[in-house]
Amino acid sequence: MNNVTRRQVFKSAGLLTAGFFLSTSTTRALAQAAAPAPTGPHKLPALPYDFGALEPHFDAKTMEIHHGKHHAAYVTNLNKALADYPDLQKMSVEELCLNLDKVPEKIRTTVRNQGGGHYNHTFFWQCLRPEGGAGPDGAFEQALGELFVDQETGLKMFVERALAVFGSGWIWVSLDKDKRLILETTANQDNPLMSGRQPVFGLDLWEHAYYLKYQNRRVDYVIAFNRLLNWEFARTRWEKLMA
Ligand code: MN3
């Protein structure tokens with residue numbers, strides 16, 4: 001069938017004007033079915049800055065979709081998964097990540113993915129600040145030096161590890177059980193909490209986090225993150241975990 005013939009067939013079937021595979025009414029029905037967010041204990045937190053505040057490093061459109069669609073979906077799906085489990089509804093998302101073994105097997109993978117997604121994004125937004133602000137200092141800088149040697153080596157190590165993640169995942173600087181800073185990566189929406197460690201800062205490596213602006217150039221996105229990293233948040237978090 002050539003293109004013209006194919007177009008005619010689709011046109012006569014009403015497919016060209018009404019959408020390729022789905023008619024408008026079907027599309028609308030699907031959207032409505034997905035729309036009502038079941039009420040639940042977990043809420044989408046507001047971003048601590050405007051969508052455009054991280055320009056030109058992270059663009060406003062990506063931030064809007066990342067927060068309003070991706071993060072929102074993790075919250076909705078987590079609430080949905082917990083709908084029949086009132087005891088689990090009383091747990092914070094951090095507690096859920098720390099205690100996945102207590103989550104019934106039936107919903108464990110969903111809670112791991114959706115709860116991980118909710119926790120990770122809530123954490124990630126706080127790791128960012130317009131123009132990042134001042135770098136690390138004092139005891140925190142010293143602790144980072146034990147992991148990264150110096151700033152230049154640190155950035156190189158961070159970029160290399162981030163590029164080595166195959167598929168979707170995250171890169172973290174976290175505190176291990178001996179309270180030492182480590183560099184680690186996790187797959188999907190897993191996070192350090194799920195292995196008994198505490199994140200100090202982290203970066204989303206899913207393509208949805210950078211593809212609109214950077215396409216396949218993950219390296220440019222990771223370097224852009226270095227400009228936006230909220231060191232004050234990271235230092236405060238580290239001090240709290242060390243206390
Ligand atoms: Mn994401």
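Is N188 buried, partly exposed or exposed, at 41% relative accessibility? N188 counts as partly exposed. The legends below describe close-up views of a predicted model.

**View A. N188, a non-glycine residue with positive phi.** The phi of N188 is about 55°. This residue sits in the loop between strand 2 and strand 3. Its relative accessibility of 41% lies between the 20% and 50% cut-offs, so N188 is classed as partly exposed.

**View B. D190, a buried loop residue.** D190 belongs to the loop between strand 2 and strand 3. Its relative accessible area is 14%. Buried means under 20%, so D190 counts as buried. Its contacts include R112, N120, W170 and W172, leaving aside residues up to four places away in sequence.

**View C. K179, with positive phi in the loop between strand 1 and strand 2.** K179 is not a glycine, yet its phi is near 60°. The loop that holds K179 joins strand 1 and strand 2. K179 has 36% relative accessibility and therefore counts as partly exposed.

**View D. A cis peptide bond from E55 to P56.** Omega of this bond is near 0°. P56 is located in the loop between helix 3 (24-34) and helix 4 (60-81).

**View E. Helix 12 (residues 231-242) and its buried face.** Helix 12 has twelve residues. At 1.5 Å a residue, they should span 16 Å. The end C-alpha atoms are 16 Å apart, which agrees. W231, F233, A234, R237, W238 and L241 are buried in this helix. Seen down the axis of helix 12, the buried residues fall within an arc of 160°, so they line one face. An α-helix has 3.6 residues a turn, so residues three or four places apart point the same way.

**View F. Cover over the buried residues of helix 12.** Which elements are part of this cover? Two helices are among them: helix 7 (105-126) and helix 8 (138-148). The cover also includes strand 1 (169-175), strand 2 (181-187) and strand 3 (198-204).

**View G. A nonpolar surface patch made by L163, V219 and I223.** The patch has an area of about 220 Å². V219 is placed in helix 11 (residues 218-228). With 31% relative accessibility, V219 counts as partly exposed. Patch residues need over 30% relative accessible area, so V219 passes that cut-off at 31%.

Note on methods
Residues are numbered from 1 along each chain as its sequence is written. This is a predicted model: local features need pLDDT of at least 70, side-chain atom pairs count only at pLDDT 80 or more; totals for chains, interfaces and linings use all residues. Side-chain values use heavy atoms; hydrogens and water are left out. Patches are made of residues with over 30% relative accessible area and no salt bridge: like charges are joined within 9 Å, nonpolar side chains (Val, Leu, Ile, Met, Phe, Trp, Tyr) within 5 Å. Accessible areas come from the Shrake-Rupley method with a 1.4 Å probe; for residues, only the protein chains shown count as cover. A salt bridge is a side-chain nitrogen of Lys or Arg within 4 Å of a carboxyl oxygen of Asp or Glu. Helices (H or I, at least four residues) and strands (E, at least two) are DSSP runs, numbered from the N terminus. Buried means under 20% relative accessible area, exposed over 50%, partly exposed in between (1.4 Å probe, protein chains only). The expected span of a helix is 1.5 Å times one less than its number of residues. The arc is that of the directions from the helix axis to the C-beta atoms. Contact means heavy atoms within 4.5 Å.
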